[in-house]
Amino acid sequence: MIPEDVLARWALSGPISRIDTGRINDTYLVDQSYVVQRVNKNVFRDPAALISNYRAVYDSVFDLVAPLVPTIDGADYVLDESGHTWRAFVHFESRNFRQLPDSLCRVAGEAYGLFLDRVAHCQREIQPSIEGFHQLEYYLDQLNHAASSNASGEEFDLLEELMENRVAFDPNRQVIHGDCKVSNLLFHPTAPKAVRIVDLDTVMVGHPAWDFGDLVRSLTSGIDTDSVVGAQMLDRVKDLCIGFFSHFKVQSMVAVRVFAGSPSHMALMLGVRYLTDHISGNRYFKVDAPDDNLARARRQFEISKRLKSMQPNLEDFIAAIKPS
């Protein structure tokens, strides 16, 4: 739970409940009004950088993200006696999903597309929050280091197959969210609209297609069926594309192909991370059982394969959206 001396820094009291949706940080709801979070120092080695990055983009997206709550003496965060960093955000009454309803796919696309458009020209310095984040070659090196020389198994065979058709990203870089999952969106309790985007811990300089790709990947990951490229799923992805690219514009067919190939790429990369964490003893992602990350890796590799088969459809969807 939250140490009393930490709560005192914000003068907070009232009922406390744990929010168990995240796999990295420890998050609590206090008095139905504030979200108080302990940053995982094993993942984020420089928690102050997270606050700095949040402040760097806040002016551009102040109405899209949850406001940070300063302590009673004006600090952005608190260090407890164990060296853990705590911070607090305004709580918004909302709905949150791991598997998005059909009616909210376009809304989700609009929210993240607007975020990317707003931060595209951010001139403030952004500090790396996690070494090598979203760098596939970096993760492959970690996997090779973690795996024994005779490592084998169906997940390694599938990884080798997926690596044959990797996306070649152009040099286009800007500030991005870095963790564009549908679960990082808060929706109005009754109306079909997004009220806030949360989890800015991985705000970074990167390719905007990484955000789009992760959003499509997360949209499909919650579907427990082999029909990931079925008609209903294609309709859901098309709606998401219409929302996203109504705010964030692509300028060429080369860019269209990069964005269309990014969902498969992001699933592949996440699968590599899960597999590495499994081999390394589950040090990064929270698990309930020893083989959880192995199962997650296999799942993401299968999703990557299916999303690759969806790439021609994505190209058609994105190319058909005309700039307004």
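**Figure 1. Ser 17 stands opposite Leu 29 of strand β2 in the pairing of β1 with β2.** The model is predicted: local features require pLDDT of at least 70, side-chain atom pairs count only at pLDDT 80 or more, and totals for chains, interfaces and linings use all residues. Residues are numbered from 1 along each chain as its sequence is written, and side-chain values use heavy atoms, with hydrogens and water left out. Strand β1 comprises residues 16–19 and pairs with β2 in the antiparallel sense over 4 bridges; two strands pair if DSSP finds at least two bridges between them. Helices (H or I, at least four residues) and strands (E, at least two) are DSSP runs, numbered from the N terminus. A further residue of this pairing, Ile 19, stands opposite Thr 27 in β2. The connection from β1 to β2 is a hairpin of 6 residues.

**Figure 2. Strand β2 (residues 26–30) is mostly covered, with 5 of its 5 residues buried.** Buried denotes under 20% relative accessible area, exposed over 50%, and partly exposed in between (1.4 Å probe, protein chains only). The cover extends to both faces of β2: Asp 26, Tyr 28 and Val 30 are buried on one side, and Thr 27 and Leu 29 are buried on the other.

**Figure 3. A hairpin with 3 residues between its strands links β2 and β3.** Strand β3 spans residues 34–38, and its antiparallel pairing with β2 runs over 5 bridges. Arg 38 in β3 is the bridge partner of Asp 26. Asp 31 lies in the loop between β2 and β3. Its phi is near 55°, a positive value in a residue other than glycine. Most residues other than glycine have a negative phi. At 36% relative accessibility, Asp 31 counts as partly exposed.

**Figure 4. An open sheet is formed by 5 strands in the order β1-β2-β3-β5-β4.** The pairing in this sheet is antiparallel. Strands β1 and β4 (78–79) stand at the edges, each with a single partner strand, so one side of each is left without a neighbour in the sheet.

**Figure 5. Helices α4 (residues 136–146) and α8 (residues 253–279) have axes that come within 9 Å and cross at roughly 25°.** This angle makes α4 roughly parallel to α8. Axes are lines fitted to C-alpha atoms, for helices over the stretch in contact, and angles run from 0 to 180 degrees between N-to-C directions. Angles under 35 degrees count as roughly parallel, over 145 as roughly antiparallel, 65 to 115 as roughly perpendicular and the rest as oblique. The crossing of α4 and α8 is left-handed; this term applies if the near helix is turned anticlockwise from the far one by less than a right angle, and right-handed applies if clockwise. On the α4 side, Leu 136, Tyr 139, Leu 140, Gln 142, Leu 143 and Ala 146 take part, and they meet α8 residues including His 265, Leu 268, Met 269 and Val 272. Contact means heavy atoms within 4.5 Å. By class, the contact of α4 with α8 holds 10 nonpolar, 3 polar and 1 charged residues. Ala, Val, Leu, Ile, Met, Phe, Trp, Tyr, Cys and Pro count as nonpolar, Asp, Glu, Lys and Arg as charged, and the others, Gly among them, as polar.

**Figure 6. Helix α3 (residues 105–119) passes helix α7 (residues 231–245) with axes that come within 6 Å and cross at roughly 35°.** The crossing of α3 and α7 is right-handed. Cys 105, Arg 106, Gly 109, Glu 110, Tyr 112, Gly 113 and Leu 116 in α3 meet α7 through Arg 236, Asp 239, Leu 240, Ile 242, Gly 243 and Phe 244. The contact of α3 with α7 divides into 6 nonpolar, 3 polar and 4 charged residues.

**Figure 7. Ser 183 is placed in the loop between β6 (174–176) and β7 (185–187).** At 15% relative accessibility, Ser 183 counts as buried. Residues up to four places away in sequence aside, Ser 183 touches Asn 96, Phe 97 and Arg 98. Strand β7 pairs with strand β8 (residues 194–197) in the antiparallel sense over 3 bridges, and Leu 185 stands opposite Ile 197 in β8. The hairpin of β7 and β8 has 6 residues between the strands.

**Figure 8. Asn 282 lies in the loop between α8 and α9 (292–320).** The phi of Asn 282 is near 60°, a positive value in a residue other than glycine.
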